[in-house]
Amino acid sequence: MDIVVCVKQAPEVIDAELEVNKEGKEIITDDLEFDINEWDSYAVEEAVRLKEAFGGRVTAITVGNEDSEDVLRQALAMGADEAIRVDEEGFDLSDAQGIAKGIFQVVKDLSFDLLFTGAQSSDYGWGQVGLMLAELLDLPYASLVVGIEIADNKLVALRELESNTQEKVELPLPAVLTIQTGLNSPRYVSIMGIQKARKIGIKETGPDELGLTEEEIGPKGSAVDSQLLSIPPAGEGAEILTGAVEEISEKAAQIIREKGGVL
Amino acid sequence: MTGEILVLAEQRGGELRDITFEMLTSANKLGNEHGLAVTGLFLGHGSSDLARKLTHACDTVLVMEDPELANYNADHYLIAMDQVIKDRKPFLTMVGNTSMGMDIVPALAARLSLPLATDCVEVSIAEGRLEILRQIYGGKINAKLTMKPSDQYLISLRTGSFDAEAEQGKSGSLETVPTPSWTKLRGRKFLTYLEAALEDVDIGSADILVSIGRGIGKPENILLAQEFADSIGATLSCSRPVADEQWLPKSRQVGTSGKTVRPRLYIALGISGAYQHQAGMKNSDTIIAVNTDPKAPIFNIAHYGIVADMFEVMQKLTEKFVEK
């Protein structure tokens with residue numbers, strides 16, 4: 001079972017203090033913490049588990065700058081065997097089709113049974129690259145996968161639908177899956193583990209080597225012309241309770257009592 | 001402008017899903033402003049009564065009936081939509097940003113080489129170009145995007161962005177479209193739907209919910225939340241990260257992929273408020289949110305907000321109610 005897993009470096013957004021530059025063109029990322037995109041960590045974990053169960057190799061791929069080698073090392077430390085970085089030079093301002101074309105040029109010549117991507121990323125959250133890749137590769141696919149069973153060269157995937165409902169679909173291999181969070185519990189990797197992974201060389205490639213033109217990737221290849229970013233007004237709905245914790249808690253307790261909260 | 005907006009109807013288990021009419025509300029608004037006709041596309045099998053329901057919100061309803069379209073399958077939907085879009089060349093094709101729409105539209109965009117914007121909350125047209133609003137970075141940033149000029153666009157619309165109105169003052173005609181020959185299928189098969197397993201407790205029927213999110217930090221802390229919930233006679237529920245970690249069963253998860261709840265009182269502790277979560281609880285009578293991040297999206301829909309450490313607040317409140 002050879003598996004390719006696409007990962008990307010993404011900012012921690014839940015607790016982040018986000019700022020937008022004056023022109024509203026860019027998010028100021030200086031103070032953000034970057035890590036492997038949450039969805040991708042589940043994808044790597046699943047790839048490694050399948051390798052452990054069935055044998056084979058796991059190859060991690062990212063499109064990014066040198067810093068993004070950290071996420072490849074994380075994937076290697078989790079159990080991936082190989083890592084490939086497509087240098088982001090030229091991919092700046094690409095839309096998902098541009099990124100998918102870049103990854104496609106790398107994976108089209110690889111032999112694999114499964115290709116995983118995270119279902120979306122924590123930053124822009126387009127949720128497009130995985131299925132665009134499937135289309136370019138002309139492979140069967142399933143998105144939002146929360147369960148995988150494999151038998152007789154066939155895969156049964158559980159897709160997450162709405163309202164506590166799931167859908168079981170069968171796919172022949174090779175196939176492309178986009179992975180939803182909660183599929184497994186991604187293993188913890190220690191700093192030591194990541195250090196060890198430094199011994200494994202990361203293959204590098206870039207748009208020129210992959211034969212990609214300016215028309216296909218970057219701003220020219222993107223469907224988006226321009227963006228205007230802004231921070232939505234915070235707390236526009238809520239009456240914010242203020243004071244010391246004791247005071248706030250008393251106010252909250254009153255509301256709870258009014259609404260019928262009793263022992 | 002001339003042309004049309006094509007809206008892919010979404011149905012499951014013999015029912016049209018709300019997103020269908022939400023899209024039609026958005027499409028009719030755009031259509032009225034820019035002189036575009038609104039065309040519904042219904043793919044199904046033996047459910048023409050559902051297709052008929054679309055006529056009150058469409059100028060034309062295209063119906064494609066085939067046994068292969070009884071349940072959603074990306075293989076067949078892609079071929080069907082590819083055919084309809086190539087045939088009609090709609091200015092805008094709209095699908096829901098749902099488990100179905102998300103499963104089709106990126107592949108469709110790649111197949112047709114059309115510009116795509118997913119998870120849009122607002123759509124407008126200016127000088128013939130599509131402009132859209134998205135919420136990015138976990139809902140903390142609004143991104144207004146202007147797309148490049150194109151004769152055709154694809155978008156997916158976020159659920160809950162528009163009202164689902166079945167009656168939109170239209171009386172569209174039903175038109176049958178031929179089924180494509182199902183060649184170049186890739187072997188994906190729909191097997192079955194799985195409904196939720198037996199639940200230990202029904203959070204949907206609780207009067208008061210104490211709901212915990214990522215801020216709970218570690219599984220040991222669940223007990224503290226349970227203690228607080230017990231002290232006010234509430235039921236414990238959670239947001240996605242807590243269920244993903246399996247600290248609470250999936251049946252306790254509030255949100256689009258979990259349960260939609262409407263309790264008298266909803267207390268959100270350490271929940272940032274991703275839209276998927278909001279969609280499952282925003283209609284609660286009263287919402288109190290506690291979060292350390294004053295910019296957490298949950299405060300946009302809460303009635304009362306507390307910017308503080310959830311554990312401090314929880315402890316104080318538990319003391320107050322246990323005393324009595």
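Tutor: Two strands pair if DSSP finds at least two bridges between them. Keep that in mind here, and remember that this model is predicted.

Student: Okay, so how do E9(A) and E12(B) pair, and over how many bridges?

Tutor: They run antiparallel, with 5 bridges between them. Look at Glu170(A) too: across from it, in E12(B), is Lys189(B).

Student: What is the strand order of the sheet they belong to?

Tutor: It goes E11(A)-E5(A)-E4(A)-E1(A)-E6(A)-E10(A)-E7(A)-E8(A)-E9(A)-E12(B), an open sheet of 10 strands with mixed pairing. Strand E11 (202–205) of chain A and strand E12 (189–194) of chain B are the edges; each has a single partner strand, so one side of each lacks a neighbour in the sheet. From one strand to the next, the twist averages 30 degrees.

Student: Let's try the E11(A) end. Does E5 of chain A run parallel or antiparallel to E11(A)?

Tutor: Parallel: 4 bridges join E11(A) to strand E5 (residues 82–87) of chain A. Find Arg85(A) and you'll see Glu204(A) of E11(A) opposite.

Student: Which strands does helix H3 of chain A lie across?

Tutor: Helix H3 (residues 96–107) crosses E1, E4, E5, E6 and E11 of chain A, and its angle to E4(A) is about 145 degrees.

Student: Now the two chains. How many residues does each put into the contact?

Tutor: Chain A gives 73 residues and chain B gives 77 residues. On chain A's side, H7(A) supplies the largest share, 8 residues.

Student: And how do the residues on that side divide into nonpolar, polar and charged?

Tutor: On the side of chain A that touches chain B, there are 40 nonpolar, 19 polar and 14 charged residues.

Conventions. Residues are numbered from 1 along each chain as its sequence is written. Chains are lettered from A and ligands numbered from 1 in the order in which they are written. This is a predicted model: local features need pLDDT of at least 70, side-chain atom pairs count only at pLDDT 80 or more; totals for chains, interfaces and linings use all residues. Helices (H or I, at least four residues) and strands (E, at least two) are DSSP runs, numbered from the N terminus. Axes are lines fitted to C-alpha atoms, for helices over the stretch in contact, and angles run from 0 to 180 degrees between N-to-C directions. Two residues are in contact if their C-beta atoms, placed from the backbone, lie within 7 Å. Ala, Val, Leu, Ile, Met, Phe, Trp, Tyr, Cys and Pro count as nonpolar, Asp, Glu, Lys and Arg as charged, and the others, Gly among them, as polar.
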